[in-house]
Amino acid sequence: MHEMDLNLKEFYEYEGSSPKASDFDRFWDKAKEELAGVDPRVELRPADFTCRGVECFDLYFQGVRGARIHAKYARPVTAGKKPCLLIFHGYTGNSGDWMDGKLSYVLEGMCVAALDCRGQGGFSEDTGGCQGSTFHGHVARGLAGNPQDLPFRQMYLDGVELAQIVSSFPEVDGQRLGTLGGSQGGALSVAVSALHGGIKRTAVGYPFLSDFYYCKKEGFLNSPATGYSEIGEYFRRYDPFHHHEDEIFEKLSYIDVSNLAAYIRNPAHVTITMRDTVCPPKTQFAVYNNLGGEKELVLYYDYDHEALPQWADLCFAFLRGL
């Protein structure tokens with residue numbers, strides 16, 4: 001037994017300290033109703049990148065609120081129905097290179113779709129009067145208004161829509177979908193699995209966007225090393241006396257993946273980093289402990305929010321079960 005195991009009892013019992021809005025279910029039911037009314041206007045364009053035995057595409061579709069969304073899509077040239085893996089990237093990033101892990105799954109006989117989160121570092125554009133990316137600010141945007149306008153509500157729906165789109169492709173077996181991501185990508189992996197309802201396997205690494213109120217209590221809203229600091233900056237600029245604190249944390253509860261995790265019933269593989277200074281370990285445990293289905297946990301005792309040895313291999317081994 002690792003010496004740190006002796007101190008983990010409180011972590012395994014922790015399910016979060018953030019609120020959950022009383023109309024949480026209705027909020028997401030209405031969100032999915034909005035998504036159902038969107039004409040996706042799907043475009044598949046052959047990518048400039050080529051690889052023997054693989055077909056690579058730039059996939060574009062229409063998301064909620066008029067945003068044009070991009071994803072990389074790759075499929076084996078072999079015939080027959082195949083599982084499909086949805087991959088999500090970290091905060092401010094993009095869908096990455098074709099060679100950064102996608103093609104290993106295609107070699108295994110899967111299709112792969114890697115989303116560019118709207119308004120971040122890729123080709124997906126958000127609406128609001130300008131083209132291109134804003135990179136930062138997505139956590140705090142919308143806190144002064146209606147929670148239906150929160151950017152992460154729309155990003156979660158983009159992920160669900162991507163799952164629906166690839167399921168309609170003749171080469172994809174829509175009953176064999178998986179999700180994969182770390183940090184913000186881990187949050188999206190959880191959210192899409194929860195909201196789609198038909199995902200078969202969920203792989204998550206050190207998830208972001210979890211247990212916002214705990215981050216406040218522990219001072220992470222004021223740490224420049226984390227995206228949670230956007231909330232702290234919001235308070236400093238717009239609510240210095242925290243008169244609207246309860247209202248703000250209720251709004252954040254709609255996108256809190258520790259709340260969404262309870263809706264997942266499929267098998268999940270979760271990685272938690274015990275020295276994480278970006279996404280506190282307890283907020284990660286709040287996701288794991290709320291998962292409603294079969295689950296397995298890997299702890300990196302000596303790692304922060306960083307590249308992890310063997311993580312890609314462990315996720316690959318788990319996702320082969322698709």
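**View A. Helix α11 supplies the largest share of the lining of the largest pocket, five residues.** The model is predicted. The largest pocket encloses about 540 Å³ of space. Two or more lining residues come from each of β4 (82–88), α3 (102–107), β6 (172–182) and α11 (311–319). In total, 26 residues line the pocket. Nearest its centre lie Ile 87, Phe 88, Asp 100, Leu 180 and Trp 311. By class, the lining holds 12 nonpolar residues, 10 polar residues and four charged residues.

**View B. Asp 100 pairs with Lys 102 in a salt bridge.** The closest N and O atoms of Asp 100 and Lys 102 are 2.6 Å apart. How accessible are the two partners, Asp 100 and Lys 102? Asp 100 has 47% relative accessibility, so it counts as partly exposed. Lys 102 has 3%, so it counts as buried. The cut-off for buried is under 20%. Asp 100 is also among the residues nearest the centre of the largest pocket. Side chains of opposite charge can pair when their charged atoms come close.

**View C. A salt bridge joins Glu 34 to Arg 153.** Their closest N and O atoms are 2.8 Å apart. The bridge links distant parts of the chain, with the two positions 119 residues apart in sequence numbering. Glu 34 belongs to helix α2 (residues 24–36). Arg 153 belongs to helix α4 (residues 151–167). Glu 34 is partly exposed, at 26% relative accessible area. Arg 153 is buried, at 1%. By the salt-bridge rule, the count for the model comes to 18.

**View D. Arg 75 in strand β3 bridges to Glu 55 in strand β2.** The closest N and O atoms of Arg 75 and Glu 55 are 2.7 Å apart. Strand β3 covers residues 68–76 and strand β2 covers residues 54–62. The partners are 20 residues apart in sequence, so the salt bridge ties together two separate parts of the chain. Arg 75 is buried or exposed? At 18% relative accessibility, Arg 75 counts as buried, because the cut-off is under 20%. Glu 55 is partly exposed, with a relative accessible area of 33%.

**View E. Gly 185 sits in helix α5 (residues 184–196).** Gly 185 is buried, with a relative accessible area of 0%. Which residues does Gly 185 contact, leaving aside neighbours within four places in sequence? The partners are Phe 88, His 89, Gly 90 and Leu 180. Phe 88 and Leu 180 are also among the residues nearest the centre of the largest pocket. Gly 185 and Phe 208 are 23 residues apart in sequence. Their C-alpha atoms are 7.9 Å apart in space.

**View F. Helix α7 (residues 229–238) has a set of buried residues.** These are Ser 229, Glu 230, Ile 231, Gly 232, Tyr 234 and Phe 235. Which helices are included in what covers them? Both α6 (212–217) and α8 (245–253) are included in that cover. An α-helix has 3.6 residues a turn, so residues three or four places apart point the same way.

**View G. Ser 253 lies in helix α8.** Ser 253 has 1% relative accessibility, so it counts as buried. Ser 253 touches Pro 19, Lys 20, Ala 21, Phe 24 and Asn 259, not counting residues up to four places away in sequence. Helix α8 is also part of what covers the buried residues of α7.

**View H. The whole chain sets the context for the close-ups, with 11 helices and nine strands.** The radius of gyration is 19 Å, close to the 20 Å that the globule rule gives for 322 residues, so the chain is as compact as a globular protein of that length. The C-alpha trace spans about 60 × 55 × 30 Å along its principal axes. Of the 322 residues, 55% count as buried. Among contacts between residues at least 6 apart in sequence, 71% join residues at least 24 apart.

Note on methods: Residues are numbered from 1 along each chain as its sequence is written. This is a predicted model: local features need pLDDT of at least 70, side-chain atom pairs count only at pLDDT 80 or more; totals for chains, interfaces and linings use all residues. Side-chain values use heavy atoms; hydrogens and water are left out. Buried means under 20% relative accessible area, exposed over 50%, partly exposed in between (1.4 Å probe, protein chains only). Helices (H or I, at least four residues) and strands (E, at least two) are DSSP runs, numbered from the N terminus. Contact means heavy atoms within 4.5 Å. On a 1 Å grid over the protein atoms alone, a cavity is a set of points where a 1.4 Å probe fits but cannot get out, and a pocket is an open set with protein on both sides within 12 Å along at least five of seven lines; lining residues have an atom within 4 Å of a point. Grid points are joined across faces, edges and corners, and a volume is the space filled by probe spheres set on the points. Ala, Val, Leu, Ile, Met, Phe, Trp, Tyr, Cys and Pro count as nonpolar, Asp, Glu, Lys and Arg as charged, and the others, Gly among them, as polar. A salt bridge is a side-chain nitrogen of Lys or Arg within 4 Å of a carboxyl oxygen of Asp or Glu. The radius of gyration is taken over C-alpha atoms; the globule rule is 2.2 Å times the number of residues to the power 0.38.
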